[in-house]
Amino acid sequence: NYLKSRNIETAVAEVAVSAVYGYCCSVMMMKMMNFSFQLLHILFSLSFFLIISLSQVSNNQFCEDGIGYCESSSNKLLIKGGTVVNAHHQHVADVYVENGIIVTVQPNIVVEDDVYVIDATGKFVMPGGIDPHTHLEMGALGTESVDDFFSGQAAALAGGTTMHIDFIIPVNGSLTAGFEAYENKAKKSCMDYGFHVAITKWNEDVSRDMEIMVKEKGINSFKFFMAYKGIIMVNDELLLQGFKKCKSLGALAMVHAENGDAVEAGQLKMIELGITGPEGHPLSRPALLEGEATSRAIRLADFVNTPLYVVHVMSIDAMEEIAKARKSGQRVIGEPIVSGLALDDSWLWHPDFKTAAKYVMSPPIRSKGHDKALQAALATGILQLVGTDHCAWNSTQKALGVDDFRQIPNGVNGIEERMHLVWDTMVESGQISVTDYVRVTSTECARIFNIYPRKGAILPGSDADIIILNPNSSFEITAKSHHSRSDTNVYEGRKGKGKIEVTIAGGRVVWENNELKVVPGTGKYIKMAPFSYLFDGLDKIDEIYLNSLQAPVKRAKSTTSKILEI
């Protein structure tokens, strides 16, 4: 129990120092008391054995409580008899894995005795989920979100997500300093991850840093906040500069779409009306402000002729703008998140502050009707993939805004719950197929961010990031059983069908029999190359545009011009 409460390296060091100190003290005491040195050496040998054993704790212990530090017994793995599902095809087959890579996918594979075998008969074998939108260890309002790159990723693995893409926030506007800070945070990772980078100001240093991020650091997306005025919000001039730079680098421009000026006015209006509780949050930033900003970002992206990714689409207003743009042929990606698909804003009017505050996020969870419309848009392809915007806070942190909703840290959980809730909400209800489920939770994300088919597929040569889902099992979500460090859960008590029984990350079985077996430091940073499929043919569109201008017009100099020249 002592070791479980400590950083493992610290615990080992403390025990080692204690053993040496004890040895020295014992020598002095035994000399004084004429004790046998043979006994002393036996005791020291036992202490040394304890230290060596503890040094292996990170690999071989603490599995009995549902989260542990363990190694798979074999680097060879066979998943037998399951229905293998990719984004466009499903069939019954075995999957053979070796050294973290899928080697073969075919029926009736025969293997040697040294291979770990999992029977998946009657179950779905699918690519692990990829969450395109998370905020681990993120600072805001003088505090930091409770899930770091270990606890957040451990929670993700328990829920069937095997990779996520987090957002780097610049340090004093510096992208390089921000990247280095997040690189350090991610050293404890237990699954694969990538990064987006936020742009919060504009100058030559930022422009140069964007080139470094893309060409040297494996970044292929940049996010622009149209909200949070006075903190990280950007204006239209910066948005245009950023979009142009993204296009030139082959990087995807992303936007948080809310009208920040109007939101600030809405917040002041609520305070003037004496509305200071959590309900003031959605009232101050209604859906029409999300729709307006989404429309503006789409039009500016069209003006530059660059692809656009709209994060956390929460309203009918924003979704309709995306639908209109895509119908016209514009390359716009819409990302709903689990909270927008599965919740409504009624909880924000709950009389208990702790309960209401945990639902505060931006853009806000909307009123009933928006959720169903977003589900339908996902089912029909208007929206393309599902994220979480996981940014978990505990109830003490949320209480910072007990007298002013503007001081409530924005964010909800979801990194562990996403895969189960999308299955229950979309597949069990008959709105999407099993192959569509793979597409919206994994494959489309891999394609958009240019890591397919390494990720997002069960194919020979793909990374062995795999889940086994039992459609006949049930799940229940509670704060007591989840793996996030938050003491609350916005999906508290939610039950449904379709349980992820096994998660395999990099060929390692990390979730099985409701037991989490994860190793800090085993996650890999996945570099993402620029110029994904979204950029295909853009140069031809530019060429067509230039040829259509019929300009500049060649004009003969007028008589007036000649007189002026004289």
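**Notebook: loops, pocket, salt bridges and helix H18**

I began with glutamate 137, which I located in the loop between strand S7 (129-134) and S8. The model is a predicted one, and I kept that in mind for every entry below.

**Entry 1. Backbone at glutamate 137 and asparagine 513**

I looked up phi for glutamate 137 and found a value near 55°, which is positive in a residue other than glycine. I noted the background: most residues other than glycine have a negative phi, and most peptide bonds are trans. Is glutamate 137 buried or exposed? I recorded glutamate 137 as buried, because its relative accessibility is 12% and the cut-off for buried is under 20%.

I then turned to asparagine 513, where phi is also positive and near 55°. I placed asparagine 513 in the loop between strand S18 (508-512) and strand S19 (515-517). Asparagine 513 has 69% relative accessibility and therefore counts as exposed.

**Entry 2. Cis peptide bonds**

I checked omega next. Serine 362 and proline 363 are joined by a cis peptide bond with omega of about -10°. I found proline 363 in the loop between helix H13 (353-357) and helix H14 (370-379).

A cis bond also runs from tyrosine 452 to proline 453, with omega near 5°. Proline 453 sits in the loop between helix H17 (434-448) and strand S16 (466-476).

**Entry 3. The largest pocket**

I asked how much space lies in the largest pocket. I noted about 920 Å³. I counted 40 lining residues, and those nearest the centre of the pocket are Ala140, Leu141, Tyr228, Ile231 and Ile232. I listed the elements that give two or more residues to this lining: strand S8 (139-140), helix H5 (175-185), strand S12 (221-225) and helix H8 (260-272). Which element gives the largest share of the lining? I found that H8 does, with four residues. I also sorted the lining of the largest pocket by class and obtained 19 nonpolar, 14 polar and seven charged residues.

**Entry 4. Alanine 154**

I located alanine 154 in helix H4 (residues 151-158). Alanine 154 has a relative accessible area of 0%, so I recorded it as buried. I then looked up a contact remote in sequence: the C-alpha atoms of alanine 154 and proline 520 are 9.4 Å apart, although 366 residues separate the two along the chain.

**Entry 5. Salt bridges**

I searched the whole structure and noted 27 salt bridges. The principle is that side chains of opposite charge can pair when their charged atoms come close.

I examined the pair of glutamate 321 and lysine 324, whose closest N and O atoms are 3.6 Å apart. I found both residues in helix H11 (residues 316-327), three residues apart, about one turn of the helix. An α-helix has 3.6 residues a turn, so residues three or four places apart point the same way. Glutamate 321 counts as buried at 17% relative accessibility, whereas lysine 324 counts as partly exposed at 47%.

I next took lysine 517 and glutamate 515, which form a salt bridge with closest N and O atoms 3.2 Å apart. Both partners came out as partly exposed: lysine 517 has a relative accessible area of 26%, and glutamate 515 has 24%. I also recorded a network in which salt bridges that share partners join Asp192, Arg454, Lys455, Asp463, Asp465 and Lys524.

**Entry 6. Helix H18 and its surroundings**

I looked up the partner of aspartate 542 and found lysine 247, with closest N and O atoms 2.8 Å apart. This salt bridge links distant parts of the chain, since aspartate 542 lies in helix H18 and lysine 247 in helix H7 (residues 236-249), 295 residues apart. I recorded aspartate 542 as partly exposed, with a relative accessible area of 24%.

I then asked why H18 can be said to lie largely in the open. The number of buried residues in H18 is one of eleven, which is the reason. I placed tyrosine 545 in this helix, which spans residues 538-548. Tyr545 forms a nonpolar surface patch with Leu546 and Leu549, and I noted about 320 Å² of accessible area for the three together. Last, I checked the backbone just after H18 and found that glutamine 550 takes a positive phi of about 55°.

Technical notes:
Residues are numbered from 1 along each chain as its sequence is written. This is a predicted model: local features need pLDDT of at least 70, side-chain atom pairs count only at pLDDT 80 or more; totals for chains, interfaces and linings use all residues. Side-chain values use heavy atoms; hydrogens and water are left out. Patches are made of residues with over 30% relative accessible area and no salt bridge: like charges are joined within 9 Å, nonpolar side chains (Val, Leu, Ile, Met, Phe, Trp, Tyr) within 5 Å. Accessible areas come from the Shrake-Rupley method with a 1.4 Å probe; for residues, only the protein chains shown count as cover. A salt bridge is a side-chain nitrogen of Lys or Arg within 4 Å of a carboxyl oxygen of Asp or Glu. On a 1 Å grid over the protein atoms alone, a cavity is a set of points where a 1.4 Å probe fits but cannot get out, and a pocket is an open set with protein on both sides within 12 Å along at least five of seven lines; lining residues have an atom within 4 Å of a point. Grid points are joined across faces, edges and corners, and a volume is the space filled by probe spheres set on the points. Ala, Val, Leu, Ile, Met, Phe, Trp, Tyr, Cys and Pro count as nonpolar, Asp, Glu, Lys and Arg as charged, and the others, Gly among them, as polar. Buried means under 20% relative accessible area, exposed over 50%, partly exposed in between (1.4 Å probe, protein chains only).
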